[in-house]
Every structure is written in structure tokens, then in C-alpha cells.
Amino acid sequence: MRPGKQPAALIIHPQDNVAVALRDLDPASRVDVRVQGRVRRILILDPIPANHKLALTRIRPGAIVVKYGEPIGEATATIHPGMHVHIHNVRSRRIRPRQR
Amino acid sequence: MRAEGREKSRRAERTISVYVRPDGNVGARNYVAVVPAVACANDVAEQIAEGFPSARALLHHQGCGQLRSDLLLVERTLIGLATNGNVGAVVLVSLGCEGVNVDGLHDAIGKSRRRVARVDIQAIGSSTRAVRRGREACRDLIADCRRIRRGQAAVDRLVVGIKCGASDMTSGLASNPAVGRMVDAPVARGATVIVGETTEFLGAEHLLVRRAANRQVARAIGRITMAMQRRALAAGGDMLGGQPSLGNIRGGITTIEEKSLGAVSKTGSAPITGVLDYAERPSRPGLFIMDGPGFEPQALTGLVAAGAQVLVFSTGRGAPQGFPLAPVVKVSGNAATCRHLRQHIDVGVSDVLTRGETLTAAGTRVLRTVLEVASGRLARAERTGYDHLVDIYTRGPFV
């Protein structure tokens with residue numbers, strides 16, 4: 001892979017509030033993502049492994065996480081831009097374990 | 001010169017070199033299937049096929065102690081496997097007391113005008129004698145099948161089964177959409193493509209419903225998806241770890257909706273002709289959805305029982321397994337997997353993510369490999385021999 005030639009993260013659909021990291025991203029680093037032709041710089045807050053998601057906007061608890069332009073689940077905590085978006089702060093809206 | 005080459009390659013994309021069966025079906029392979037009617041006949045079936053490269057034992061875990069509806073499902077699956085175009089002849093092995101109707105299996109397979117040799121262990125009286133008799137029959141059937149030669153046939157005779165597994169983020173972004181582009185081409189040429197994995201419609205079924213050929217198909221897509229969701233919820237509702245799997249989660253997939261949205265892109269963009277039950281044969285060409293689970297061996301078994309002669313398998317993290325009766329073409333968009341598991345990946349499409357290869361170009365490469373494999377080129381899982389697993393999907397409990 002040629003560093004610098006490839007974007008650090010990919011936004012699949014213009015309506016998405018998350019991006020996909022294309023390589024491991026370190027906290028406190030800044031990455032440029034292209035949103036509708038404009039480059040936005042995002043401060044990374046968590047270690048984000050390659051192929052995992054990072055938030056582009058603030059997502060409140062209960063708010064919908066959007067990828068591919070479609071809902072993929074809802075936030076279970078406040079997610080700030082640059083934070084890792086995964087099973088610790090997002091849950092399915094379709095299949096949910098029974099309350100114990 | 002170059003124009004001539006292009007014409008040749010275009011012709012290659014319209015025809016395949018296959019075995020034509022007496023029932024009109026075609027085969028990408030020419031196997032003798034050794035089919036146990038019930039799990040209890042597995043040992044004998046395995047020993048019958050042992051050492052014959054063109055005999056494949058279809059070892060499974062069903063066939064008795066199940067609800068009537070599931071026994072019928074097992075029967076349909078076994079008949080479907082035994083009469084797949086890749087099978088030239090069949091050795092049917094039964095114990096004698098199983099729940100499935102062995103006479104019914106024998107008749108249904110015979111109706112496809114394939115030779116069927118029957119080995120009933122309890123009637124023969126010893127497993128040693130049953131193995132010996134089965135091996136004699138197997139040797140005779142193999143010699144018979146060897147006389148058949150490949151001939152040219154149009155691509156529209158092909159049935160391709162599509163599956164994704166060991167998915168990660170790259171599956172939804174590269175390999176699944178590349179496979180989707182591949183799917184559109186044979187469907188446009190009148191071939192049949194079958195896509196399973198109902199669990200992975202959850203959260204993406206609206207995208208499939210929009211493509212339904214008619215309202216009946218649209219309703220069927222909604223119905224099978226909701227039934228799968230109800231089954232998961234009735235069993236406690238915690239699919240996390242299974243769907244998405246722990247490997248999916250490590251690969252960056254968070255919810256079933258996210259997995260589904262990535263998964264359905266492998267269905268391409270053609271209209272959806274119909275919805276099939278598990279292991280049901282499509283009655284006409286087109287793009288079909290088959291109701292069934294995402295669990296790999298069960299999904300592949302259903303697709304081959306429905307008639308698929310070639311399977312295309314999109315993978316992120318690298319699933320090496322094939323299937324005993326049909327070649328499985330593995331496609332990966334994960335550059336690390338393509339390097340690390342290169343022994344198992346037939347088509348690498350990671351350039352879609354790293355070097356700007358178009359999905360159309362990647363899809364064309366997948367199609368070319370599928371047609372070559374249909375015509376006899378060995379897929380990686382066939383070369384490695386990682387292709388023994390069969391498992392039949394059933395819905396009720398064992399009783």
C-alpha cells in the first residue's frame with residue numbers, strides 16, 4: 001500500500017453519519033474525509049482498526065446510525081465525531097436480546 | 001488480430017463446456033454421489049466412496065427422529081443433491097429403519113434417468129458386506145460416467161448459487177458488489193442465479209422487495225424475512241456472536257442490519273423472479289431468493305440441492321471451504337486475506353478499494369472465472385480438497 005495516496009477513511013453514502021477506516025487510525029491523529037466533494041478534517045478520539053467505523057457527526061443515544069444511506073442500528077450512548085462506532089455504543093433495531 | 005481475440009473471448013462468455021445429462025440438465029463436474037439416506041448410514045457411505053476421486057460421499061446429520069415437515073425437507077434436499085447436474089450416477093445407502101422414505105428417494109432419483117445403486121445395510125446383514133457391495137456398484141457407475149464427454153452448451157443452462165461468508169467491511173464494499181455485477185450478466189443471458197441467507201435480509205429486505213418481479217414475490221420476501229426474525233426472537237433474540245458472528249464483529253460489522261446491507265449487494269440489480277423454499281428447484285430461469293440460514297454448510301447444501309452447478313462465495317476474512325458436489329469460486333476484497341490466504345482465494349478484488357478498479361471490471365473477472373470453472377478448471381477448494389462438508393437445514397427439533 002502506498003501511504004498518502006489512499007484516503008484514511010471512506011464515506012459510502014452522502015447521508016451516512018459514519019465512515020469506514022481504510023487503515024488503523026490512532027487517537028489524536030487527524031484524518032481527512034471527503035464529504036460531498038468537500039474535505040473535512042476529523043480528530044480521531046479512539047483507536048480505530050482498519051475496516052471499522054468512525055463517527056462523522058455527534059450521534060445521541062437512541063439516534064439512528066446510518067451507513068450505505070440506510071439505518072444500521074441505534075446509538076446506546078452519545079457518540080462524538082472521531083469516536084469508534086461499534087457494538088459498545090450501537091445496537092440492532094431488529095434483533096434485540098430479551099431484558100434479563 | 002486483437003478483434004479476433006475479443007470475439008473469441010466474447011464467445012467464451014456465451015458458452016460453457018459441460019456434461020449433458022439424460023434429463024436435459026448440465027453438469028460442471030461428473031461425480032458419482034454416494035448418498036446416505038440417514039446419518040446412521042454415514043460410515044458405510046464414507047467407506048464406499050473412499051479412494052475413488054470421482055465418488056463423493058454426502059455425509060449429513062439428518063434423516064430420522066425429526067418432525068414430518070423436516071423429514072420432507074431432508075428428502076427434497078437429498079433428491080436435489082443426487083439429481084444435481086454435476087452428478088452422473090448415485091449410490092443410495094440406507095440403514096433400513098430411518099424416518100425418510102428411501103423407496104421414495106430411489107424412485108425420484110431414478111426418474112431423472114440416472115442410474116441408482118441401492119445399498120440397504122440391515123437387509124444386506126453386515127456393514128462390511130454393504131461396503132463391499134457399494135464399492136462394486138460405485139466402480140461400475142464410475143466406469144459408466146467416464147464414457148460421457150463434455151460438450152458445448154449455452155450459458156443459459158447454468159445455475160449459479162451465491163453465498164457470502166466470513167464477512168468483514170470489505171465484503172459489503174468490494175466482493176459482494178463485484179459478485180452482484182457478475183450476477184447481472186448470466187441473469188441477462190437467461191441463466192439462473194439463486195441467492196440464499198434469509199437472516200441476512202434483516203434490515204435490507206426493502207431493497208430486495210423493490211426489485212420483486214411482482215407483488216406476490218414482494219410479499220414472499222417480506223414473509224420469509226419476518227419468519228426468520230420471529231424464530232430468532234422466539235429463541236431469546238440474542239443473535240450477536242452468531243449473526244453477526246464474532247469474526248464479523250472483529251471485522252468491523254456491528255449489527256445484523258449492517259451485515260445485511262452489505263450482503264444483499266451480492267444479488268446484483270436484476271429483478272427478483274421468485275422466492276424458493278430451501279432446496280427447491282426453480283421452475284424457470286431468472287434470479288431467485290432461497291429461504292434458508294446464513295450458516296455456510298447448510299446454505300451451500302441448499303443451493304446445490306436447488307440445482308446450482310457452480311457456487312460463488314464472497315469472503316472478507318477468508319473462508320476456505322468448498323462443497324463435495326460443486327466447485328466454489330471464492331472472491332475476496334480484503335487485500336490482507338488475498339495475500340495471507342491466497343491458496344484459498346480464486347478471485348481477488350481488493351483493487352476496488354485500493355487501486356480504483358471499477359466494480360464492473362471486477363465483476364467481469366469473477367464471471368470469467370465462473371465460466372472457466374464451469375467448463376472444468378478446478379477451483380481452489382477442489383485443489384486443496386477442503387470440500388467435504390454437507391449439512392441440511394431443518395426448522396424443527398429432533399424428537
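Guide: Two residues are in contact if their C-beta atoms, placed from the backbone, lie within 7 Å. This is a predicted model: local features need pLDDT of at least 70 and side-chain atom pairs count only at pLDDT 80 or more, while totals for chains, interfaces and linings use all residues. Residues are numbered from 1 along each chain as its sequence is written, and chains are lettered from A and ligands numbered from 1 in the order in which they are written.

Visitor: How many helices and strands does the secondary structure of chain A come to?

Guide: Helices (H or I, at least four residues) and strands (E, at least two) are DSSP runs, numbered from the N terminus. From that terminus on, chain A reads β-β-β-β-β-β-β-β-β. The count is 0 helices and 9 strands.

Visitor: Which strands stand at the edges of the sheet with the order E6-E7-E9 in chain A?

Guide: Two strands pair if DSSP finds at least two bridges between them. E6(A) and E7(A) (residues 70-75) do so in the antiparallel sense over 4 bridges, and Val66(A) stands opposite Pro71(A). The sheet is open, has 3 strands and is antiparallel in its pairing. One side of each edge strand is left without a neighbour in the sheet because it has a single partner strand, and these strands are E6 (64-67) and E9 (90-91) of chain A.

Visitor: And which are the edge strands of the open sheet of 4 strands in chain A?

Guide: E5(A) (residues 53-55) and E8(A) run antiparallel and are joined by 2 bridges, with Lys53(A) opposite Val85(A). The order of the whole sheet is E1-E2-E5-E8, again with antiparallel pairing. Pairing on one side only are E1 (9-10) and E8 (84-85) of chain A.

Visitor: Is Leu22(A) buried or exposed?

Guide: Leu22(A) is in the loop between E2 (18-21) and E3 (30-35) of chain A. Its C-alpha atom is separated by 5.1 Å from that of Ala9(A), 13 residues away along the chain. A residue is buried if 20 or more other C-beta atoms lie within 10 Å of its own, exposed if 12 or fewer, and partly exposed in between, with C-beta atoms placed from the backbone. Leu22(A) has 20 such atoms within 10 Å, so it is buried.

Visitor: Which elements of chain B do the buried residues of H12(B) pack against?

Guide: Of the 10 residues of H12(B) (residues 296-305), 9 are buried, so the helix is largely enclosed by the rest of the structure. Among them are Leu300(B), Leu303(B) and Val304(B). The packing partners in chain B are helix H3 (68-82) and strands E8 (159-165), E9 (192-195), E11 (286-290) and E12 (310-315).

Visitor: Which residue stands opposite Val331(B) in E14(B)?

Guide: In E13(B) (residues 328-332), 5 of the 5 residues are buried, so the strand is largely enclosed by the rest of the structure. Val328(B), Lys330(B) and Ser332(B) point one way, and Val329(B) and Val331(B) the other way. E13(B) runs parallel to E12(B), joined by 4 bridges, and parallel to E14(B) (residues 347-348), joined by 2 bridges. Opposite Val331(B) stand Ser314(B) on the E12(B) side and, in E14(B), Val347(B).

Visitor: Which helix gives the most to the largest nonpolar core?

Guide: A nonpolar core is a set of buried Ala, Val, Leu, Ile, Met, Phe, Trp, Tyr and Cys residues joined through C-beta atoms within 7 Å. Not counting residues up to four places away in sequence, Val34(B) touches residues including Ile48(B), Leu58(B), Val91(B) and Cys138(B). The largest core has 154 residues, and Val34(B) and Val91(B) touch the most other members. With 9 residues, the helix that gives the most is H7(B) (residues 169-188).

Visitor: At what angle do H3(B) and H4(B) pack?

Guide: Glu75(B), Leu78(B), Ile79(B) and Ala82(B) in H3(B) meet Gly104(B), Leu105(B), Ala108(B) and Ile109(B) in H4(B). Axes are lines fitted to C-alpha atoms, for helices over the stretch in contact, and angles run from 0 to 180 degrees between N-to-C directions. The axes of H3(B) and H4(B) (residues 102-111) are 10 Å apart, at an angle of about 35°.

Visitor: Which element gives the most to the side of chain B that touches chain A?

Guide: The contact involves 24 residues of chain B and 25 residues of chain A. H7, H9 (215-234), H11 and H14 (351-354) of chain B each give two or more residues to it. H11(B) (residues 256-263) lies across E6 and E7 of chain A, at about 165° to E7(A). With 4 residues, the element that gives the most is H11(B).
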